[in-house]
Amino acid sequence: MSELLLKHHAPDAAGLVHRVTPASAGWGHVGFELWRLRPGQSVAQATGVREACLVLVGGRADIEAGGERWRGLGGRAGPFSGPSPCSVFQPCHKEFRVTATTELELAVCTAPGGGSHAVRLIPPEAVAVSSRGRGSNVRHVRDILPESEPAHALLVVEVVTPRGNWSSYPSHKHDRAALPEESLLEEVYYHRIHPPQGFALQRVYTDDRTLDVAMAVEDGDVTLVPRGYHPCAAAHGYDLYYLNVMAGPKRIWRFHTEPAHRWLLAG
């Protein structure tokens with residue numbers, strides 16, 4: 001199994017399913033956790049020198065963060081049943097607690113923090129929704145924490161790719177600090193499939209093919225993109241959702257499209 005593919009498994013007693021740290025991934029910025037909590041279970045953490053975006057992928061929760069409190073946040077059953085999630089941005093050197101009030105799927109996205117950013121709620125209506133591509137390359141984007149909104153390092157976005165379509169395509173990469181043409185960003189994909197018995201495919205590869213990995217992705221899997229191009233394809237009959245978490249030295253998303261496939265952007 002590729003070290004870039006983290007397979008879904010049952011949560012532990014605390015509710016933790018996935019944990020990616022800079023140390024475990026072998027990089028410097030992105031952290032990611034996925035929790036599945038029963039009603040009444042909580043996750044409590046201090047952010048330390050990192051900032052966090054708490055994304056309610058599905059279910060409801062009460063959240064205390066940086067002295068603020070919100071009750072009954074969320075509500076969509078899952079990523080395929082509602083337009084946008086409810087999220088909370090948490091700056092560094094703060095504490096948060098998330099308590100599930102229903103079955104809860106919680107993503108904790110982290111990166112190095114800094115600055116004087118405030119704790120804030122990101123309600124569904126504040127999430128910009130758009131569609132990209134055409135034909136079998138159409139996908140639907142929900143910008144939870146884009147570079148236009150305050151944060152130090154984190155970029156967080158949801159994408160739903162209809163069944164049989166491609167996504168993160170034509171193949172692009174963002175692994176060089178070469179602004180304004182390209183930015184250096186590490187990336188995590190948290191995948192969900194609907195119906196859940198389906199699968200998707202993702203390839204991560206570089207121009208010189210020193211990295212070239214093709215992965216069969218199932219419901220609940222996580223993939224890591226330390227560098228290189230990283231297109232996805234949803235199998236016929238199955239919709240693909242992924243939550244992207246990106247961070248790097250500069251909080252700017254500028255990508256380089258693989259030259260061999262640029263003709264697909266014409267017209």
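# Briefing: strands, turns and pocket of a predicted model

S168 counts as buried, with 6% relative accessibility (buried is under 20% relative accessible area, exposed over 50%, partly exposed in between; 1.4 Å probe, protein chains only). The model is predicted: local features need pLDDT of at least 70 and side-chain atom pairs pLDDT 80 or more, while totals for chains, interfaces and linings use all residues. Residues are numbered from 1 along each chain as its sequence is written, and side-chain values use heavy atoms, without hydrogens and water. The topics below are the sheets, the hairpins, the unusual backbone angles, one loop residue and the largest pocket.

**Seven-stranded sheet**

- Seven strands make up an open sheet in the order β1-β22-β19-β24-β14-β13-β12, and their pairing is antiparallel (strands are DSSP runs of E, at least two residues, numbered from the N terminus; two strands pair if DSSP finds at least two bridges between them).
- The edge strands are β1 (5-6) and β12 (128-132); each has a single partner strand, so one side of each has no neighbour in the sheet.
- Within this order, β14 stands next to β24, and seven bridges join β14 and β24 in the antiparallel sense.
- E158 has L243 in β24 as its bridge partner.

**Four-stranded sheet**

- An open sheet of four strands runs in the order β4-β9-β6-β7, again with antiparallel pairing.
- Here β4 (42-46) and β7 (68-74) are the edge strands; each pairs with a single strand, so one of its sides is left without a neighbour in the sheet.
- At the β4 edge, five bridges link β4 to β9 (residues 95-100) in the antiparallel sense, and A44 has R97 in β9 as its bridge partner.
- At the β7 edge, β6 (residues 60-65) is joined to β7 by five bridges, and the two strands run antiparallel.
- E64 is placed opposite R69 in β7.

**Hairpins**

- β6 and β7 form a hairpin with two residues between them. G66, in that turn, has a positive phi of about 55°.
- β17 (residues 175-178) and β18 (residues 182-184) pair in the antiparallel sense over two bridges, and a hairpin of three connecting residues joins β17 to β18.
- A178 stands opposite E182 in β18.
- P180 lies in the loop between β17 and β18, and the peptide bond from L179 to P180 is cis, with omega near 10°.

**Other unusual backbone angles**

- Most residues other than glycine have a negative phi, and most peptide bonds are trans.
- A second cis peptide bond to consider joins H194 and P195, with omega about -5°. P195 is in the loop between β19 and β20.
- H93, a residue other than glycine, has a positive phi, near 60°. H93 sits in the loop between β8 (86-90) and β9 and is exposed, at a relative accessible area of 57%.
- S168, also not a glycine, has a positive phi near 50°. S168 belongs to the loop between β15 (166-167) and β16 (172-173), and this residue is buried.

**D207 and its surroundings**

- D207 is in the loop between β20 (199-205) and β21 (212-218).
- With a relative accessible area of 48%, D207 is partly exposed.
- Apart from its neighbours within four places in sequence, D207 is in contact with K173 and Y229 (contact means heavy atoms within 4.5 Å).
- P162 is 45 residues from D207 in sequence, and the two C-alpha atoms are 28 Å apart in space.

**Largest pocket**

- The largest pocket holds about 590 Å³ of space. On a 1 Å grid over the protein atoms alone, a cavity is a set of points where a 1.4 Å probe fits but cannot get out, and a pocket is an open set with protein on both sides within 12 Å along at least five of seven lines; lining residues have an atom within 4 Å of a point. Points are joined across faces, edges and corners, and the volume is the space filled by probe spheres set on them.
- The lining has 30 residues, and the closest to the pocket centre are R132, R139, H172, W253 and F255.
- Two or more lining residues come from each of β13 (139-145), β14 (155-161), β19 (186-194) and β24 (239-247).
- These four elements also appear in the order of the seven-stranded sheet.
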